[in-house]
Amino acid sequence: MNYRYSDYSIEQLHREIGELKEKAQKAEQLGNISEVQINERKMQVALAYTLNPDEFASDGVYQLKMEPGFKFKINYVNGVFAWGHRINLLEEMYEKEEALPISLLGKKVAE
């Protein structure tokens with residue numbers, strides 16, 4: 001099987017996301033937490049390829065879908081990954097730059 005999501009069609013991506021979701025649910029039932037996390041990460045990356053990176057602006061601040069209260073300030077977007085810094089509940093920006101699939105970004109926060 002070809003594992004370059006950039007080569008997948010939208011239909012193939014949705015099928016892959018469904019399969020990964022199933023694998024994650026089975027792993028969860030078996031109590032295999034690390035396998036759940038691996039499949040969820042793969043699912044987020046596959047999901048990112050269904051989105052338009054141009055809709056995410058450099059210097060934009062977005063809510064983080066999986067972490068309520070946390071935000072993410074984008075420095076730049078490279079492919080389907082946003083590079084930037086997390087912002088915690090106290091509005092403190094983390095020093096370490098990281099890359100997140102754009103699928104983890106929620107609504108843009110009004111500045």
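This report describes helix α1 and the salt bridges of a predicted model.

## Helix α1 and its two sides

Helix α1 runs over residues 10-29, and its 20 residues reach 29 Å from the first C-alpha to the last, which is close to the 28 Å expected at 1.5 Å a residue. Just after α1, G31 takes a positive phi of about 75°.

The buried residues of this helix are L13, E16, I17, L20, A24 and A27. Because they cover an arc of only 105° around the axis, they lie on the same side of α1. An α-helix has 3.6 residues a turn, so residues three or four places apart point the same way. The partner of this buried side is α2 (33-48), against which the buried residues of α1 pack. On the other side of α1, by contrast, E11, R15 and Q29 are exposed.

## Salt bridges in the model

Side chains of opposite charge can pair when their charged atoms come close. In this model the count comes to five salt bridges, and the pairs described below are among them.

One of these joins the side chains of R4 and D7, with N and O 3.8 Å apart, a value that falls within the 4 Å cut-off for a salt bridge. R4 is exposed, with a relative accessible area of 54%, whereas D7 counts as partly exposed at 46% relative accessibility.

## A link from a loop to strand β2

E91 forms a salt bridge with K71, and the closest N and O atoms of the two side chains are 2.5 Å apart. This pair links distant parts of the chain, since E91 sits in the loop between β3 (81-87) and β4 (98-101) while K71 belongs to strand β2 (residues 71-78), with their positions 20 residues apart in the numbering. The two partners differ in their surroundings: E91 is exposed, with a relative accessible area of 52%, but K71 is buried, with a relative accessible area of 15%.

## A buried pair and its network

The side chains of R86 and E98 also meet in a salt bridge, with an N to O distance of 2.6 Å. Because R86 lies in strand β3 and E98 in strand β4, this pair ties together parts that are 12 residues apart in sequence. Both R86 and E98 are buried, and neither bridge partner therefore exceeds the limit of under 20% relative accessible area that the word implies.

The pairing extends to a further residue, as salt bridges that share partners join E67, R86 and E98 into one network.

Conventions
Residues numbered from 1 in each chain as written. Predicted model: local features only at pLDDT ≥ 70, side-chain atom pairs only at ≥ 80, totals over all residues. Heavy atoms only, no water. Buried < 20%, exposed > 50% of the residue type's maximum accessible area, 1.4 Å probe, protein only. Helix = DSSP H or I, 4+ residues; strand = E, 2+ residues; numbered from the N terminus. Expected span 1.5 Å × (residues − 1). Arc of directions from axis to C-beta. Contact = heavy atoms within 4.5 Å.
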